[in-house]
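Thanks for making time for this at the group meeting. Please have the viewer open, and I will go through the chains one after the other.

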Amino acid sequence: MKTITDYFERAAAANPSKAAVSDESVSLTYSELMGYARSIGTKLGCCGKRKSAVALFLDKTPFCAAAMLGTAYSGNFYIVVDSKMPAERIKTMFSTVSPFAVITQPELVDTLKETGFDGDTYIIDEIIRTDVDDELLKKISTGVNDREPLYCLFTSGSTGVPKGTVVSHGNVIAYTDWFINRFDITNETVFGSQTPFYFSMSVTDLFSTLRTGAELAIIPKKFFAFPIKLIQYLNDKKVNTIYWVPSALCIVANSDLFKYAKPEYLKKVLFAGEVMPVKQLNYWISHFPDIIYANLFGPTETTDICTYYVVDRSFEDSASLPIGNACDNCSVFVLGEDGKECAAGEEGELYVRGPFVAYGYYNNPEKTKEAFVQDPLNDSYPELVYKTGDIVKYNEYGELIYCGRKDHQIKHMGYRIELGEIENAATACEGVLAAACIYNSETDRIIMIYQGKPEEKAVLDMVRKRVPEYMVPGRVIKISSMPHNSNGKIDRVLLKNTYKDN
Amino acid sequence: MEELLEILSEVKPGVDFEKETELVDSGILDSMAIIQLVARLADEYDVEITPVDLVPENFNSAEAIYALVKRLED
């Protein structure tokens, strides 16, 4: 057992006729998924390429999961490309990883042509019908080791060129070992999958599904606009576990959805990707106190997560939720500006070491060297750790608290300020549904953008009661709805570009 | 109605909202656009749009959206 496909085959052998991955219109059983994946693996593997990139330019369907596994069977690694992505951006990604093949669907062929891609192009409906060559797949599998890349995942990056993090089979196996054990994922688990396959969070629910015989029920995006249908879908699919971005959980809370419809099977609500506002979490808890809630934290570079906190006590609306402690088989430490480990209460940068840590960025030695560094606490032998760029501190319970991004920390009127703290204060205010702060360094001005009923002055007054005067935003702007990016998170880049000069 | 058409074209420019009758079903308005639109309508018309009204049928055409707003205003 060394690769993800080995673990998948074990789960498939034990659950051949169980649903593996489904959406609104298709449901693939484990044996169907395995068949399709092996077909794809045969086609991609027969040209002799190994450890090379295959781009999956596909909608989020069960067949995309088959293509991910199929690429792994072929001894190569995949990149998933958003089917809505414009040709220009795809071009940048392709110039970094140079895929030798693309698997796509008929409607996207024209966009693919615009990128100038001239390698092998396969249509998903056709490649899944390839005759499986068992001997070839066996030969490939014998030659593979667990340090080989499984995928390369591009992070949007608020500035400049996107970076492609290279993640190995071993990374995903070590990471999902923790996740499966900690959250008791079994073949009775049904995930309601919200996050796109090109976003690191989906690694968690997809691969813990494929290792355990669970089911991944893909939620059509449109249901987040029609929330009663969302609940109906969760109930139809008997979804008992969700792992969503907080913005998606907030849609439920902000529309007071549980007054109209209730999920019947839900047992675990996990979230990551951005800060979960406690007011909206308290809404969930007040309706479903017996559900397990957990705040997960980590970057793409540590596969998905490095620390977590299972909610075990109550929090005031204005409090911030801990990010907790390191996952099993992962270690973290916090260093101050002097390079020494921080004491409780002291802010410092979070570092991660251990088997969740990825290789680095594909074809980008410069950025890799900046973030994947020799462990500053180990001068005896080579050991790379990941420098997250996240500022954290330990609270009185020995749990980590997230303070903000190192590059979001601002200096304003001589004070070091975390914009997240102001946002926290704002979202705790009665009637405020969402809030985000941006900072214009040229004018030294903090601008807060929010969505909610109260008027600007009222919100400013409420914020003033919760934060010191030097943190009160210089300008408050009410908008009718907060913009979100394709992962479902608040789109801070767009906000900054739109409102920085206000 | 004219005001509504204006809001619609702000949320999603370049669509002939007077003619389209499958705004949701054909994917012209995606989930993000609907969420934005709902927030705008609540603001502009001072109506409360609850999850009960959030169904695709109410958003497939400008006419349907208009009818929804009128009903909620009453």
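From the N terminus on, the elements of chain B run α-α-α, so that we are looking at three helices and zero strands, and I should say at once that this is a predicted model. The radius of gyration of chain B is 11 Å, close to the 11 Å that the globule rule gives for 74 residues, so chain B is as compact as a globular protein of that length. Along the principal axes, its C-alpha atoms fill a box of roughly 30 × 25 × 20 Å. Of the 74 residues in chain B, 32% are buried, and among the contacts between residues at least 6 apart in sequence, 56% join residues at least 24 apart.

How many residues does each chain bring to the contact between chain B and chain A? Chain B gives 15 residues and chain A gives 14. The side of chain B that touches chain A is made up of nine nonpolar, three polar and three charged residues.

Let me move to chain A, which has 16 helices and 26 strands. Here the radius of gyration is 23 Å, close to the 23 Å that the globule rule gives for 502 residues, so chain A is also as compact as a globular protein of its length. The box filled by the C-alpha atoms of chain A, again taken along the principal axes, is roughly 70 × 60 × 45 Å. In chain A 50% of the 502 residues count as buried, and of its contacts with a separation of 6 or more, 66% are between residues 24 or more positions apart.

The domain assignment divides chain A into domain 1 (1-165), domain 2 (329-404) and domain 3 (413-499). The C-alpha centres of domain 1 of chain A and domain 2 of chain A lie 32 Å apart, and the contact between these two domains takes six residues from each of them. On the side of domain 1 of chain A that touches domain 2 of chain A, α4 (87-97) and β8 (163-168) of chain A each supply at least two residues, and β8(A) gives the most, with three. By class, that side of domain 1 of chain A has two nonpolar, three polar and one charged residues.

Strand β8 of chain A also holds A:Val167, which I would like to use as a probe of the surroundings. Is A:Val167 buried or exposed? It has 26 C-beta neighbours inside 10 Å, and because the cut-off for a buried residue is 20 or more, A:Val167 counts as buried. Leaving aside neighbours within four places in sequence, its contacts include A:Pro149, A:Leu150, A:Thr303 and A:Ala358. The C-alpha atoms of A:Val167 and A:Tyr359 are 6.4 Å apart in space, although the two residues are 192 residues apart in sequence.

Next comes a sheet in chain A, an open one of nine strands with mixed pairing, in the order β2-β1-β10-β9-β11-β12-β13-β14-β15. Its edge strands are β2 (27-29) and β15 (325-326) of chain A, each of which pairs on one side only. Within this sheet, β1 (residues 19-22) and β10 (residues 215-218) of chain A pair in the parallel sense over two bridges, and A:Val21 stands opposite A:Leu216 in β10(A).

Which elements cover the buried residues of α11(A)? Among them are β11 (241-244) and β12 (268-271) of chain A, together with α10 (227-236), α12 (278-287) and β24 (432-440) of chain A. Nine of the nine residues of helix α11 (residues 246-254) of chain A are buried, so this helix is largely enclosed by the rest of the structure. After α11(A) comes A:Asp256, whose phi is positive, near 50°.

Strand β24(A) leads me to the last region, since β24(A) and β25(A) pair in the antiparallel sense over eight bridges, with A:Ala435 and A:Tyr450 as bridge partners. Their hairpin has four residues between the strands, and A:Asp444 takes a positive phi near 50° there. Strand β25 (residues 445-452) of chain A is mostly covered, with seven of its eight residues buried. On to β26 (residues 475-478) of chain A, then, with which β25(A) pairs in the parallel sense over four bridges, A:Ile447 having A:Arg475 as its bridge partner. Between β25(A) and β26(A) the chain crosses through helix α15 (residues 456-464) of chain A, and this β-α-β crossover is right-handed.

How values were computed:
Residues numbered from 1 in each chain as written. Chains lettered and ligands numbered in written order. Predicted model: local features only at pLDDT ≥ 70, side-chain atom pairs only at ≥ 80, totals over all residues. Rg over C-alpha atoms; globule rule 2.2 N^0.38 Å. Buried ≥ 20, exposed ≤ 12 C-beta atoms within 10 Å, placed from the backbone. Contact = placed C-beta atoms within 7 Å. Domains from an automatic or database assignment. Nonpolar A, V, L, I, M, F, W, Y, C, P; charged D, E, K, R; others polar. Pairing = 2+ DSSP bridges. Right-handed = clockwise from strand over helix to strand, strands pointing away.
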